[in-house]
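Thanks for coming. I will take one helix and then some ring pairs, so please have the structure open.

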Amino acid sequence: MKSKQTTRILCEGAIMVAMAVVLNFLKFDLFAQGGSMNLLFIPLMVFALRRGPVWGMGAGLVFGVLKAVIGGGIAYGWQSLLLDYALAYALTGLAGLTPKKPVLGTVIGALGALASFVLSGVIVWGMYMPDVFLGMAMKNVWVYSFIYNFIYTAFNWLIAAIVIYFLSKKTKLLQPEK
């Protein structure tokens, strides 16, 4: 019986990863250097909320690797591959920590991804920090990386939170099958 349940969870995860890959191609790029508004958090976080953080992080990791390989990912060395793709999207699976509070879960998952994006911005991309960004003088790479990554991550989180809120109120999609 356990292997049947595991197979079901793996198939569900594969479907959600596939949905995230498709949604990754439907995006609005904000900056030439990377970062886009899209809907890919939705299936990853729905899966995490249904199946828990371990399964959610696994699906996020698979998606992150696929995004880097086939999704037009831009990486500068292994640190960027790890922080901008593998770890960032794996951390979206932290949404599964609060299945009874799905909107809080989306906050946790988005903050996990944001932390990884910001760290990558400091470690990998900080050398490209402009003197002025959005009309503000940039002196601190941490501030720049946070602002840059917060803009698109916050939008992606907000859309996911709204959709997941309505899914939790109007459907049983966020409840795992017994």
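What should the 30 residues of helix α6 span at 1.5 Å a residue, and how far apart are the end C-alpha atoms? Bear in mind that this is a predicted model. Helix α6 covers residues 141-170, and the expected span is 44 Å. The end C-alpha atoms are 43 Å apart, which agrees.

There is a bend in α6, though: about 35 degrees, at Phe 150. At the start of the helix, a side-chain oxygen of Asn 140 comes to within 2.7 Å of the backbone nitrogen of Trp 142.

Now the buried side of the story. Among the buried residues of α6 are Tyr 144, Tyr 148, Tyr 152 and Asn 156. An α-helix has 3.6 residues a turn, so residues three or four places apart point the same way.

That brings me to the rings. The structure has seven aromatic pairs. One of them joins Tyr 89 and Phe 117, edge-to-face, at 5.9 Å centre to centre and 75 degrees between the planes. Tyr 89 sits in helix α4 and Phe 117 in helix α5, so this pair ties together parts 28 residues apart in sequence. Tyr 89 is buried, at 6% relative accessible area, and Phe 117 is buried too, at 5%.

Phe 117 also pairs with Tyr 152: the centres are 5.7 Å apart and the planes at 50 degrees, so that pair is tilted. Here helix α5 is tied to helix α6, across 35 residues of sequence.

To put the rings together: ring pairs link Phe 63, Tyr 89, Phe 117, Tyr 144, Tyr 148 and Tyr 152 into a cluster.

Conventions: Residues are numbered from 1 along each chain as its sequence is written. This is a predicted model: local features need pLDDT of at least 70, side-chain atom pairs count only at pLDDT 80 or more; totals for chains, interfaces and linings use all residues. Side-chain values use heavy atoms; hydrogens and water are left out. Helices (H or I, at least four residues) and strands (E, at least two) are DSSP runs, numbered from the N terminus. The expected span of a helix is 1.5 Å times one less than its number of residues. The bend at a residue is the angle between axes fitted to the seven residues ending there and the seven starting there. Buried means under 20% relative accessible area, exposed over 50%, partly exposed in between (1.4 Å probe, protein chains only). A polar contact is a pair of N or O atoms within 3.5 Å; within protein, one must be able to donate a hydrogen and the other to accept it, and residues adjacent in sequence count only if both atoms are side-chain atoms. Rings of Phe, Tyr and Trp (its six-membered ring) pair if their centres lie within 6.5 Å; planes under 30 degrees apart count as stacked, over 60 as edge-to-face and the rest as tilted.
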